[in-house]
Amino acid sequence: MTTTSTMDKADFKSKLLTHFDTFQRGAAQDNSPRTLSALQQDAFQHFRTLDLPTTRHEEWKYTNLRNLLQNDFSFATAREASALSAAELAPHLMEHGDANVLVFVNGFYRRDLSNLVSPVEELHVENIGQAREKYTEAIDKYFARVADYQKDVFTAMNTAISDNGAFIFVPANKVLQKPVYLYFITDATRGNVVSQPRNLYVLGRNSQATFVESFRTAGEYIGFTNVVTEVVTQENAVAEYYKIQNETANAHHIGTTQALQGRDSKFSSTTISLSGSLIRNNLNIVIDAENCESNLYGLYVLNGKTHVDNHTLVDHARPHSYSNELYKGILDGKSTGVFNGKIMVRPDAQKTNAFQTNRNIVLSPEAAMNTKPQLEIFADDVKCSHGATTGQLDEEMLFYLRSRGIGQKAAKALLMQAFAGDVLNHIRLEPVRNYVENVIQNRFHTNA
Amino acid sequence: MLSIRNLHAAIDGKEILKGLNLEVKAGEIHAIMGPNGSGKSTLASVLAGREEYEVTDGEVIYNGTDLLELSPEDRAREGIFLAFQYPVEIPGVSTTNFLKTAVNEVRKYRGQEPLDAVQFLTRMKEKMKLVNIDQALLSRSLNEGFSGGEKKRNEIFQLAMLEPKLAILDETDSGLDIDALRIVAEGVNKLRTRDNAVVLVTHYQRLLDYIVPDFVHVLYKGRIVKSGTKELALQLEEKGYDWIKEEVSA
């Protein structure tokens, strides 16, 4: 499916600009319900002017996109590039039992592979491109208002070009009993593919819901997922959000999850990265109301040449809120990791409690971890702390286990499981926890 | 069972053991005493296989095999158990889970079927009584936040679960109050058979009131300089080590 031009090999950006023209013309010509909004036009203008980051950009210092961006992507063919069948999808699914399942292939919604089990009083789902008609207020209020496309080139690109993804609305006072599993499959079996899903989850007052985003790539070609998810928890709502990445060695992922919390709301995020080529996760939480709770958990278990970069921001703008962040990583092989955790406490945000911990175990001399906590505190009556450590497995612990007859490999596996357990124990969905535990247990027992 | 001949061992280039000899037969209890810095803990560490100690000379034969050639896990699987002076805390690993892994790895090595959950629990309950240890403690992370006495009791509990042929207790009695000491000693006594042996490394004669040794050895400057029966321990308690030091330098 890749069209390799022997003439000028256009660079990533100019190709995307050309594609956008086609996209725009297509939107004007066919009678499809999508029309480019002023907002998309605006996002496109920002994409045009913003630079694609290099390692000279402070926020991209340790994550080099050169290899990713020099790939020859065909933007136009993502939809046609896949005929993924239910049988082909099956190996990518978790054993989640009775749950809401939404499947997106190359960024496009596949109704035929999806299944909603919750009653419509609890759960409203639309493809994001068609949601405005029915959910005008929510879309106008939140879509692309939470994630900032004016500063982030990838968010701008996603906002400009994508009208596929999940719009999920949980009405006020409803507790969504069954979680929503969203599978984002990049089907690179026939060529290099860019998929750009765009999601918005709105939890009404006093509502509660759980979302699981699972990212998978099929096929041997290069896949690039550029995803943006906006989560809004209105007053007193509770959102539990999981992002699971278990990808191929040719899979690239740049994603932004942006949460906006209303008063008394609770947002818990768990980001698990297990494999892939390059993964960049931006998780930004804006607490612009009082008495909110935010939990940010992360675990990356890496080997090969996988590179994972977690950039998080918790922005405390109002008083009396609590945020707690725990990211842990185990790096083997030639893998590299980045943790950049920023906590901002604005002058108004008195009585804030904000905690952050990042712990890493580096197993191989060729693996590396860069960690950078950033605390910016402008209020004086707050409790904040951060801590970061990077080290090897504890030799004393290892010896203790071995001295009881446990072989070196099993002893290491036991210690790594215990290390990861701090994060895994926070995963309340059993199918997700089992899935992640299986992947890492297999890895510990074969590679340790 | 255990035959140590002319053992020399060093750490960071500093020689600690300087020609140690010791013979332990099945069914025997040996106490190794000595002043601080004489090499007691080094001996225990070398026998358990700590890699930071370098054996520079001599040999250790355990049931006909060269012990020093075995990895720490294989020593354990062959039936050697070291009760640590300072048991390590391991967050996130419960004692139960850890012991199940250990017991079954040892069984696998010996060509035995692994214990299933029910068999394991039965065995655990039986051994828990022996050392008066609580189920709640065993469900917690291994040694994490345990008191000194709880840690030592946990060591003896592990000993009971693993049923070693040769148990080496490295200052297990240090820092224990009399009740904890009694429990630990009782545990060791109950586990004693004609086929296994115990080496007690201790600083204090008091332990030997509860676990009666067949032999008492004095370790000084890296060698065993005097051996006797339990009366020797009483003598040491009464007179200290100075007379031994004088004997050695004379």
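User: Which residue is the bridge partner of B:I32 in strand 10 of chain B?

Analyst: That's B:V201. Bear in mind this is a predicted model.

User: Okay. And how do strand 3 and strand 10 of chain B pair, in the parallel or the antiparallel sense?

Analyst: Parallel, over 4 bridges, with strand 3 covering residues 29-33 and strand 10 covering residues 197-201 of chain B.

User: What's the strand order of the sheet with strands 3 and 10 in chain B?

Analyst: The order is 6-9-10-3-11-12, an open sheet of 6 strands in chain B with mixed pairing. Strand 6 (80-83) and strand 12 (223-228) of chain B are the edge strands, and each pairs on one side only. On average, neighbouring strands of this sheet are turned by 20° against each other, direction ignored.

User: Which strands of that sheet does helix 1 of chain B lie across?

Analyst: Helix 1 (residues 40-48) of chain B lies across strand 3, strand 6, strand 9, strand 10 and strand 11 of chain B. The helix runs at about 145° to strand 9 (166-170) of chain B.

User: Which other strands of chain B does helix 1 lie across, and at what angle to strand 1?

Analyst: Helix 1 of chain B also lies across strand 1, strand 2 and strand 4 (53-62) of chain B, running at about 105° to strand 1. Those strands belong to an open sheet of 4 strands in chain B, with the order 2-1-4-5 and antiparallel pairing. At the edges of that sheet are strand 2 (14-24) and strand 5 (65-66) of chain B.

User: How many bridges are there between strands 1 and 2 of chain B?

Analyst: There are 8, with strand 1 spanning residues 2-11 of chain B and the two strands pairing in the antiparallel sense. One of the residue pairs is B:I11 with B:K14, its bridge partner in strand 2 of chain B.

User: Switching to the interface: how many residues of chain B are in contact with chain A?

Analyst: 33 residues of chain B, and they contact 16 residues of chain A. The area buried between the two chains is about 1900 Å², with carbon and sulfur atoms giving 65% of that. On the chain B side, B:E73, B:V88 and B:I90 lose the most area to chain A, together 25% of what that side buries.

User: Now pockets. What's the volume of the largest pocket, and which residues are closest to its centre?

Analyst: Its volume is about 880 Å³. Of the 32 residues lining the largest pocket, A:E59, A:K151, A:D152, A:N284 and A:L313 are the closest to the centre.

User: How does that lining divide into nonpolar, polar and charged?

Analyst: It's 11 nonpolar, 10 polar and 11 charged. Elements of chain A that each supply at least two lining residues include helix 7 (153-161), strand 13 (278-287) and strand 15 (307-316).

User: Last one, still chain A: how many bridges do strand 16 and strand 18 pair over?

Analyst: Strand 16 (residues 322-331) and strand 18 (residues 353-362) of chain A pair in the parallel sense over 10 bridges. A:L326 stands opposite A:T357 in strand 18. Strand 18 also runs parallel to strand 20 (residues 383-391) of chain A, joined by 9 bridges, and A:N353 stands opposite A:K383 in strand 20.

Notes
Residues numbered from 1 in each chain as written. Chains lettered and ligands numbered in written order. Predicted model: local features only at pLDDT ≥ 70, side-chain atom pairs only at ≥ 80, totals over all residues. Heavy atoms only, no water. Pairing = 2+ DSSP bridges. Axes fitted to C-alpha atoms, helices over the stretch in contact; angles between N-to-C directions. Contact = heavy atoms within 4.5 Å. 1 Å grid on protein atoms, 1.4 Å probe; cavity = no way out; pocket = protein on both sides within 12 Å on 5 of 7 lines; lining within 4 Å. Points joined across faces, edges and corners; volume = space filled by probe spheres on them. Nonpolar A, V, L, I, M, F, W, Y, C, P; charged D, E, K, R; others polar. Buried area = accessible area lost by both parts, 1.4 Å probe.
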